[in-house]
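Got your viewer open? Let's take a short walk through this structure, one selection at a time.

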Number of protein chains: 2
Amino acid sequence: MGTAFDTARSANHALAAALPPGAWLTGEACAPYLTDVMHYQGNALGVALPDSVAQLSALVRAAVAHRVTLLPQGERTGLTGAAIPDRSGAQCVVSFTRMKRIRHFDRVNRSITVEAGALLSEVNRHVEAAGLCLPIDLGSDPCVGGLVGANAGGSRLVKYGSTRHNVLGVEAVLADRDGSVLDLLAALRKNNVGLDLKQLFIGAGGANGLISAVSFSLAPIERSSHTLLIALASYEAATSSLMAFEAAFGELLSAYEFISATALRRVAAAFPHITTPFADSDAACFVLVEIASGMPGLDSLLEARALEVVEALVDNHAVLDAVFAQSERFWRIRDSLPLAVAQDALPLSFDISFTRGALAPFLVETAQWFAAQHPSLGYYEFGHFGDGGCHLIIAIPLALIEQYGPMRQIVLRRELYQRVLRHGGSFSAEHGIGPGNVAYYRKFVPPVVQVASGIVQRALDPHALVGRVQY
Amino acid sequence: MGTAFDTARSANHALAAALPPGAWLTGEACAPYLTDVMHYQGNALGVALPDSVAQLSALVRAAVAHRVTLLPQGERTGLTGAAIPDRSGAQCVVSFTRMKRIRHFDRVNRSITVEAGALLSEVNRHVEAAGLCLPIDLGSDPCVGGLVGANAGGSRLVKYGSTRHNVLGVEAVLADRDGSVLDLLAALRKNNVGLDLKQLFIGAGGANGLISAVSFSLAPIERSSHTLLIALASYEAATSSLMAFEAAFGELLSAYEFISATALRRVAAAFPHITTPFADSDAACFVLVEIASGMPGLDSLLEARALEVVEALVDNHAVLDAVFAQSERFWRIRDSLPLAVAQDALPLSFDISFTRGALAPFLVETAQWFAAQHPSLGYYEFGHFGDGGCHLIIAIPLALIEQYGPMRQIVLRRELYQRVLRHGGSFSAEHGIGPGNVAYYRKFVPPVVQVASGIVQRALDPHALVGRVQY
């Protein structure tokens, strides 16, 4: 009859038939796969649970034949909703929870090949005894398919680069008639044989093809480290202090993470049991400085050198105070901030980045503008100062929710992004593009870049069947 | 009239008209641009010398309108002929020798944006006083457009990654009707806004579009270092020694470069004035170990720790001898090898790579096979053991040139590449794909990868007008 219902039914049958029994969920069984940590919510034709790349390829062939959109999904830890289907009920979720195998760990090569559903923590547990790690340091524990699809950054990017820098190979299934499997997994560090196609799947947010496995380069575990928390007179002082630590430690500077004094006080007020250092400090912000190396036996040298650096910064009035800190305490404070804000306010979160020198002027100017324009809202800054990354939380007190309704929130977000762009920054530093922010992609990315991106995406995925976003 | 001659004449006029006076060379003036270090040789419709991205875009518009192929060309230091036009005389060379500007150096951000024609050495000179460097360590001095187009690797890849790992941004001109300029130069370390299009130009060998400028991430200059040369009992010992140095120094291991005993003796015999260490050693090969850090003041600690590592390796009979060496001497020996071979033989060069553990078995098995099959030819190995990279030179004595004619050379090359692939290796580790090796690309790269590469390339360059190779 050709009705939409018949079409959906025949697609449903075809996708179910492509998979073994129990690997195709419909109805109520789909529920856990239709929402995520950010409360994005959708409907699905069904959820596929392939167990192998062969099953995945068979699924893709059926989906292409029936023009069903496929949404690769891992642990649903993404923050832009890219892994959650829309509300049509016509899209198919492809969960990688059954593809978690460690295919090959090569200690001599410092590399590992794992299926897309393996967790970051599982990879690290597997290689730890060999003195190795996958040095992507995140608050969440995504599967590697999501990690690579999002090109996650995290707190140690200043030393180790983004996920892209740690990927040696990718296996991906293309949404063509054959469900072609691109095996680009060779764990070679030098391999310039034509176009490096794997780059097209890294950071694509699930577009272009379905990542089914990844080869990573591993790093030696840190054997020496020193961590301190410093109180800084201003954001400019945070920049000059970054320069001083880099001059003293070079590539050994492994994290340089900041939190504003306002944010620290918000956590202290909300959670009195979390002891915060520098409670009555005049500092503008606090920075966790982590220095680390895979070379063992440097601990006391790093500590002594750090002390010299801090003393010089205190003499310059850049640093007001310092404690030699366990980083866990800092992460606890930082991770508590969203919860503290949510106690009595609606948080609007921003994930932005700048060149490192542009970060401090942006923070200073924007805080002034914000305080003048929105004196009754909360404004909290933290993030990855060492790589120019910054997270902002604007807190709308619950009492002001009507005054700051959805339209005004959108205006506020646009105003803030325009300030970011004027400072040469990015409006999505780490979290990628999904339904949560694709409108800003359309608005802010130059048309020529959008056109070229669309051309590339349609070349690989001509029926627009993979991922939530058409670039 | 529509003859080929008229077509060429009208294309010539159009390209000349797109450029200012003096920026379009024809006839004899083209000669320097038609050959390279490897003696590839071609003809050209003309040579364009754009001075700006606006001129480059105008040139591309004219070339697209007249369907003229454009070959981006830098310093002609590539080894596969990708920058040299074919013999048709219908292609246009685009030389970047007039686009050498440093557009922006940002010390705080550790980044620099330069035009494609700037030399690697010029970039390094510009940033040296600020204590920074672009840590790509090559024997040649390419311009940055060539560096990025080739995704050069070099000797310090084990610490700093390939060129791709050090690129923050690219500006490229697309071969579309408008000569669209993609400005992807933002020097941001975190920026996940849609597809990372710049990756499509890195390592593409000049295909997909014309790289006109690049933003690089810079590294702190090495402030501490220690270098030693060790004599190893076998290639397996070279692998276990690599593991020992990495366990002791982690990310501070900055180079681990090898040369075979046969190769060392060949240099010593050809150039008696170049003193070679370990002249009468029983070693299978020699490795230059370089340990370095941007953290100052570690020299004596690195030396002491290196001595401990060497002593343990001597106890294990892995290392036979060691000298604390200046690296210049090693590079001099290594760089003299091709000249030594060329004194009385025709050299066939190979640029291959493996996972690190696969390198030693390949070297051992292949040397045995080669000695049995071709006892009268020379066989020399050297390269980047620490990242799995290897260069081979097979020397055909001039007296045997007739016996080893072109067909037999091709057979030999194919046999060797097939051994490389059986060991999971790459037949072009660093040098990319050009007319010199595209036949092996066609033969050895899986069809599904070639098809996908062609689809992407044609999406960006629908008339196949940029670069020598259609993937």
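Which residues are buried in α10(B)? Select R356(B), A358(B), L359(B), A360(B), F362(B), L363(B), T366(B), W369(B) and F370(B), and you have them. Keep in mind as you click around that this is a predicted model.

**Stop 1: α10(B) and its partner**

Now show the whole helix, residues 356-373 of chain B. From its first C-alpha to its last, α10(B) reaches 26 Å with 18 residues, close to the 26 Å expected at 1.5 Å a residue.

Next, add helix α11, residues 406-422 of chain B. The axes of α10(B) and α11(B) are 11 Å apart, and the two helices pack at an angle of about 150°. Anything over 145 degrees counts as roughly antiparallel, so that is the label for α10(B) and α11(B). Their crossing is right-handed. To see who touches whom, show side chains for F362(B), E365(B), T366(B), W369(B) and F370(B) on α10(B), then L412(B), E415(B), L416(B), R419(B) and V420(B) on α11(B). Wondering about the spacing of those numbers? An α-helix has 3.6 residues a turn, so residues three or four places apart point the same way.

**Stop 2: a helix with a kink**

Hop over to α9(B), residues 327-342. This helix has 16 residues and reaches 24 Å end to end, C-alpha to C-alpha, close to the 22 Å expected. Zoom in on S336(B): there's a kink of about 35° there, shortly before the proline P338(B). S336(B) is also one of the buried residues of α9(B), which include F330(B), W331(B) and L337(B).

**Stop 3: where chain A meets chain B**

Select residues 447-460 in both chains to bring up α13(A) and α13(B). Their axes are 9 Å apart, at an angle of about 150°, so this pair is roughly antiparallel too. The contact is made by I455(A), V456(A), A459(A) and L460(A) on one side and I455(B), V456(B), A459(B) and L460(B) on the other. The crossing of α13(A) and α13(B) is right-handed.

**Stop 4: a cysteine in a strand**

Last one: pick C92(A), in strand β4 of chain A. Is C92(A) buried or exposed? Buried, with a relative accessible area of 0%. Its contacts, leaving aside neighbours within four places in sequence, include L15(A), W24(A), V68(A) and L70(A). Finally, try the distance tool on V47(A): C92(A) and V47(A) are 45 residues apart in sequence, yet 5.8 Å apart in space, C-alpha to C-alpha.

How values were computed:
Residues numbered from 1 in each chain as written. Chains lettered and ligands numbered in written order. Predicted model: local features only at pLDDT ≥ 70, side-chain atom pairs only at ≥ 80, totals over all residues. Heavy atoms only, no water. Helix = DSSP H or I, 4+ residues; strand = E, 2+ residues; numbered from the N terminus. Expected span 1.5 Å × (residues − 1). Bend = angle between axes of the 7 residues up to and from the residue. Buried < 20%, exposed > 50% of the residue type's maximum accessible area, 1.4 Å probe, protein only. Axes fitted to C-alpha atoms, helices over the stretch in contact; angles between N-to-C directions. Parallel < 35°, antiparallel > 145°, perpendicular 65-115°, else oblique. Left-handed = near helix turned anticlockwise from the far one by under 90°. Contact = heavy atoms within 4.5 Å.
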